[in-house]
Structure formats: structure tokens, C-alpha cells
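Ready for some practice in reading a protein model? Keep the sequence and the 3D view open side by side, and try each exercise before you look at its solution.

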Amino acid sequence: MILLLGACTSAPEGDLCERHFEPYPDLIGQRVRTEQNAELLDAMEPYAEGDFAEAAKALQPYVDRHPREVEARFHLAVSLLGSGQPYDAELQLDFVEQDPRRVFRDETEWYSLLCLVCSGQRDRAVAGAKKLAGRKDHRYSGAAARLLKDLEGA
């Protein structure tokens, strides 16, 4: 995984991508297995093991069949980002962001910012990091401040 993250862009941004990416906790795999959720739990097994490329492959068909299941789509986005596919991850995060419940509001903003870093969009990443770092009510303001410091130092 680390090699994939490092290879997803040029060296400085790749290093930042690797340094600042942390997978979101698996909120799905802890559920009690039922007939209704077995397919999703099976798709989340590689995620729990840190195999994000396999998790993306397993979650994509599930999300295609259940497009409104925002938790699965969010974990798909994180899997795509973790497997070196920031553009595809950003697309999935756009769908998550459109969910009217805004369940993953802070998380979506943070991982979208990481997509910019991991895809080499430095100027946009700096602007986004400044914005998030300045929002003390944001769950990822501290992480964004650390990222901004690294972006400005690189």
C-alpha cells in the first residue's frame, strides 16, 4: 500500500500522500452478520486487513448495486485513495458529499483534500489545507495544519 501511495504522483507529493494518509476506521466490519449485510461484510474484509486495492475491487460492485449506501461508498473512496487512485476516490467522495444527511461531512472534506495532495494538485491542496486548518470546529483541522506545514515546507 505504501508503495502504491508513493507512486501515485511525483516524489514530494507522493511522500506527503503517504505521510498523511490514514485509513478511516472500519465502521462496517463490526456489525453482527445477517443475511442482509453478508455481502457488505465480505467486501469489507480486505479493508480491515489494509488491502485497499482488494477492498476497492470488492466494494465497487456492492456500491454499484447499492448506490445510496453512503457508508460503503465512503469506505470505497478511502480504499481507492489508499490504493493510489486519487481521482477515482475524489469522484466517490463527490457522491458521498451529495448525501443530504451529510454523515461524513468532515471526513469527506479531509479525504478530498488528500486526493488533491495525492494527485499532485499542490496549489489546490495548499488552499484547501489553509481553509480546513483555519476551522477550529473541524475534526481534521489539526491534521490539515500539519499537512499545510508540510506542503509549505516541501
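The exercises below work through this predicted model, each followed by a worked solution.

**Exercise 1. The disulfide**

Find which cysteines form a disulfide, and work out its handedness.

*Solution.*
Step 1. Begin with the idea itself: a disulfide is a covalent bond between the sulfur atoms of two cysteines.

Step 2. Apply the cut-off, which asks for sulfur atoms within 2.5 Å. The sulfur atoms of cysteine 17 and cysteine 118 are 2.0 Å apart, so this pair passes. The count by this rule is one disulfide.

Step 3. Locate the partners. Cysteine 17 sits in helix H2 (residues 11-20) and cysteine 118 in helix H7 (residues 105-118), so the bond links distant parts of the chain, 101 residues apart.

Step 4. Look at the torsion about the S-S bond: it is about 95°, so the disulfide is right-handed.

Step 5. Check the surroundings. Cysteine 17 and cysteine 118 are both buried.

Step 6. Now test cysteine 115. The nearest cysteine sulfur belongs to cysteine 118 and is 6.8 Å away, and cysteine 115 is in no disulfide. Cysteine 115 has a relative accessible area of 0%, so it is buried.

**Exercise 2. Two aromatic pairs that share a ring**

Decide whether the pairs of phenylalanine 104 with tyrosine 24 and with phenylalanine 74 are stacked or edge-to-face.

*Solution.*
Step 1. Recall what to look for: a pair of aromatic rings is described by the distance of the centres and the angle of the planes.

Step 2. A search of the whole structure gives eight aromatic pairs. In one of them, tyrosine 24 and phenylalanine 104 are 5.9 Å apart centre to centre, with 85° between the planes. Planes over 60 degrees apart count as edge-to-face, so that is the label here.

Step 3. Place this pair in the chain. Tyrosine 24 is in the loop between H2 and H3, while phenylalanine 104 is in the loop between helix H6 (86-97) and H7, 80 residues apart.

Step 4. Consider burial. Tyrosine 24 counts as buried at 12% relative accessibility, and phenylalanine 104 is buried too, with a relative accessible area of 4%.

Step 5. Turn to the second pair. Phenylalanine 74 and phenylalanine 104 have centres 4.3 Å apart and planes at 5°, which makes the pair stacked. Phenylalanine 74 belongs to helix H5 and phenylalanine 104 to the loop between H6 and H7, so the pair ties together parts that are 30 residues apart in sequence.

Step 6. Put the rings into a wider picture. One aromatic cluster is formed by Phe21, Tyr24, Tyr47, Phe52, Phe74, Phe104 and Tyr111.

**Exercise 3. Two helices side by side**

Describe how H8 and H9 pack, and which kinds of residues make the contact.

*Solution.*
Step 1. Find the elements: helix H8 covers residues 122-133 and helix H9 covers residues 141-153.

Step 2. Read the geometry. Their angle is about 145° and their axes are 8 Å apart. The crossing of H8 past H9 is left-handed.

Step 3. List the residues in contact. H8 supplies Arg122, Ala125, Val126, Ala129, Lys130, Leu132 and Ala133, and H9 supplies Ser141, Ala144, Ala145, Leu148, Leu151 and Glu152.

Step 4. Sort these residues by type: nine are nonpolar, one is polar and three are charged.

**Exercise 4. The buried side of H3**

Name the buried residues of H3 and the helices they pack against.

*Solution.*
Step 1. In helix H3 (residues 38-48), the buried residues are Ala38, Leu40, Leu41, Ala43, Met44, Pro46 and Tyr47.

Step 2. Those buried residues pack against helix H4 (52-65) and helix H5 (70-82).

Step 3. Follow the chain onward: glycine 50 comes after H3 and has a positive phi, near 85°.

**Exercise 5. A positive phi outside glycine**

Find where arginine 102 lies, and decide whether its phi is positive or negative.

*Solution.*
Step 1. Start from the usual pattern: most residues other than glycine have a negative phi.

Step 2. Arginine 102 is not a glycine, yet its phi is positive, about 50°.

Step 3. Arginine 102 lies in the loop between H6 and H7. With a relative accessible area of 35%, arginine 102 is partly exposed.

Methods:
Residues are numbered from 1 along each chain as its sequence is written. This is a predicted model: local features need pLDDT of at least 70, side-chain atom pairs count only at pLDDT 80 or more; totals for chains, interfaces and linings use all residues. Side-chain values use heavy atoms; hydrogens and water are left out. Axes are lines fitted to C-alpha atoms, for helices over the stretch in contact, and angles run from 0 to 180 degrees between N-to-C directions. Helices (H or I, at least four residues) and strands (E, at least two) are DSSP runs, numbered from the N terminus. A crossing is left-handed if the near helix is turned anticlockwise from the far one by less than a right angle, and right-handed if clockwise. Contact means heavy atoms within 4.5 Å. Ala, Val, Leu, Ile, Met, Phe, Trp, Tyr, Cys and Pro count as nonpolar, Asp, Glu, Lys and Arg as charged, and the others, Gly among them, as polar. Buried means under 20% relative accessible area, exposed over 50%, partly exposed in between (1.4 Å probe, protein chains only). Rings of Phe, Tyr and Trp (its six-membered ring) pair if their centres lie within 6.5 Å; planes under 30 degrees apart count as stacked, over 60 as edge-to-face and the rest as tilted.
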